[in-house]
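This report looks at how certain helices pack against one another and at the surroundings of a bound ligand. The sequence and the structure come before the discussion.

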Amino acid sequence: RAKADVTRAVCFYESKMDEASRARRSLAQDLRRAIELDQLEPYYQVQTSVLTGDIRGYEVLLRWNHPELGSVPPSEFIPIAEENGLILAIGEWVLRTACQQAVSWHTPYKIAVNLSPVQFAHADLSKLVHEILLETGLSPNRLELEITESTIIADKTRTLHILRQIRALGVTIALDDFGTGYSSLDTLRSFPFDKIKLDRSFMSEVEQSPQAKAIVRAVLTLGKSLDIPVLAEGVETDDQLSILRIEQCDEAQGFFLGRPKPLNQIFRQGPAIANDVAEPSSGRLPPA
Ligand code: C2E
Ligand code: MG
Ligand code: MG
Ligand code: MG
């Protein structure tokens with residue numbers, strides 16, 4: 001009886017595994033057609049001033065509305081797109097679409113678009129950014145591009161060259177997920193970033209851990225010394241926001257201030273809504 005149960009469980013497990021790897025393979029295939037089938041959608045998450053609560057801009061976060069799986073998070077499809085090169089087409093599409101959408105807003109908020117290391121390695125990125133700005137008519141000072149340290153580590157000389165070209169267009173550059181990479185301080189020495197985005201792992205611990213709080217303080221001091229504003233990612237509570245206020249952090253972003261939302265929902269309500277609704281969850285694949 002027990003043995004039969006185990007056998008049944010194992011079969012069930014194996015068929016699930018099969019399903020998972022099939023799903024992952026077909027996910028890559030489905031992604032190839034996602035743009036033309038209009039399944040990709042930029043979501044927007046608000047970034048606010050810590051001192052005044054004023055809206056400073058919106059980060060563009062890509063969503064894939066898969067017909068069967070529902071909303072697939074970027075942590076699942078961006079790595080696939082980076083592996084098979086689709087990130088070039090997807091990255092260009094996000095940039096163009098977000099710039100087009102931002103032009104149509106009544107209020108000239110900034111938008112921040114994430115870039116993949118692959119885009120630096122394989123595309124004439126500064127030319128593309130320039131073309132999209134001309135084509136959409138978005139004012140360059142409304143565009144911010146976010147890179148992580150992995151982009152710089154991949155090819156420092158090339159990356160810095162491209163960043164300088166992009167910055168010369170009047171576009172600003174933010175260093176994303178700061179504090180989790182391998183060479184944070186060297187990165188800051190190499191390029192005049194316009195913003196440092198402190199990784200959200202520090203925020204999640206700042207209330208309980210004196211170490212996390214000390215690091216937050218140190219990064220804010222560093223930002224002040226280098227004259228680079230710091231944005232804290234992953235602010236989920238009022239208490240975290242209060243700490244940031246006391247420590248004089250410049251900007252904040254996180255679920256407490258606003259979840260990433262589709263375009264037609266971002267201007268419906270002001271910032272700082274504690275009972276903000278979550279995105280519908282769905283379609284997550286089991287681990288590899
Ligand atoms: P990221 O650029 O660091 O974006 C912030 C991530 O943190 C987003 O996840 C956002 O939804 C999430 N987040 C924001 N506030 C909170 C909070 O208070 N608590 C928690 N737990 N999470 C919060 P998302 O949208 O799943 O994106 C994950 C990553 O995927 C992004 O990290 C970025 O690296 C990448 N990504 C998203 N869109 C694009 C894109 O268009 N192009 C590229 N290359 N990468 C993208
Ligand atoms: Mg980002
Ligand atoms: Mg980040
Ligand atoms: Mg991240």
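A polar contact, as the term is used here, is a pair of N or O atoms within 3.5 Å. The model discussed is a predicted one, and the ligand offers three such pairs for inspection, set out in the table below.

| Residue | Atom on the protein side | Atom on the ligand side | Distance |
|---|---|---|---|
| E59 | N or O atom in the side chain | oxygen atom of ligand 1 | 3.0 Å |
| R63 | polar side-chain atom | oxygen atom of ligand 1 | 2.9 Å |
| F255 | backbone N or O atom | oxygen atom of ligand 1 | 2.8 Å |

Whereas E59 takes part through its side chain, and R63 likewise through a polar side-chain atom, F255 contributes a backbone N or O atom. F255 also belongs, together with N114, D176, R200 and E236, to the residues that come nearest to ligand 1 among the 22 around it.

The second topic is helix packing. Two packed helices are described by the angle between their axes and the distance between the axes. Helix α3, which spans residues 87-103, packs with α5 at an angle of about 30°, and their axes are 10 Å apart. Angles under 35 degrees count as roughly parallel, and α3 is therefore roughly parallel to α5. The crossing in which α3 passes α5 is right-handed. On the α3 side the contact is formed by E92, L95, R96, C99, Q100 and V103, and on the α5 side by L128, V129, I132, E135 and T136; by class, these comprise 6 nonpolar, 2 polar and 3 charged residues.

Helix α5 (residues 125-136) also packs with helix α7 (residues 156-168), at an angle of about 20° and with the axes 9 Å apart, so that α5 and α7 are roughly parallel to each other. Here too α5 makes a right-handed crossing as α5 passes α7. L125, S126 and V129 of α5 meet I162, Q165 and I166 of α7, a contact with 4 nonpolar, 2 polar and no charged residues.

Definitions and conventions
Residues are numbered from 1 along each chain as its sequence is written. Chains are lettered from A and ligands numbered from 1 in the order in which they are written. This is a predicted model: local features need pLDDT of at least 70, side-chain atom pairs count only at pLDDT 80 or more; totals for chains, interfaces and linings use all residues. Side-chain values use heavy atoms; hydrogens and water are left out. Axes are lines fitted to C-alpha atoms, for helices over the stretch in contact, and angles run from 0 to 180 degrees between N-to-C directions. Helices (H or I, at least four residues) and strands (E, at least two) are DSSP runs, numbered from the N terminus. Angles under 35 degrees count as roughly parallel, over 145 as roughly antiparallel, 65 to 115 as roughly perpendicular and the rest as oblique. A crossing is left-handed if the near helix is turned anticlockwise from the far one by less than a right angle, and right-handed if clockwise. Contact means heavy atoms within 4.5 Å. Ala, Val, Leu, Ile, Met, Phe, Trp, Tyr, Cys and Pro count as nonpolar, Asp, Glu, Lys and Arg as charged, and the others, Gly among them, as polar. A residue is near a molecule or strand if one of its heavy atoms lies within 4 Å of it. A polar contact is a pair of N or O atoms within 3.5 Å; within protein, one must be able to donate a hydrogen and the other to accept it, and residues adjacent in sequence count only if both atoms are side-chain atoms.
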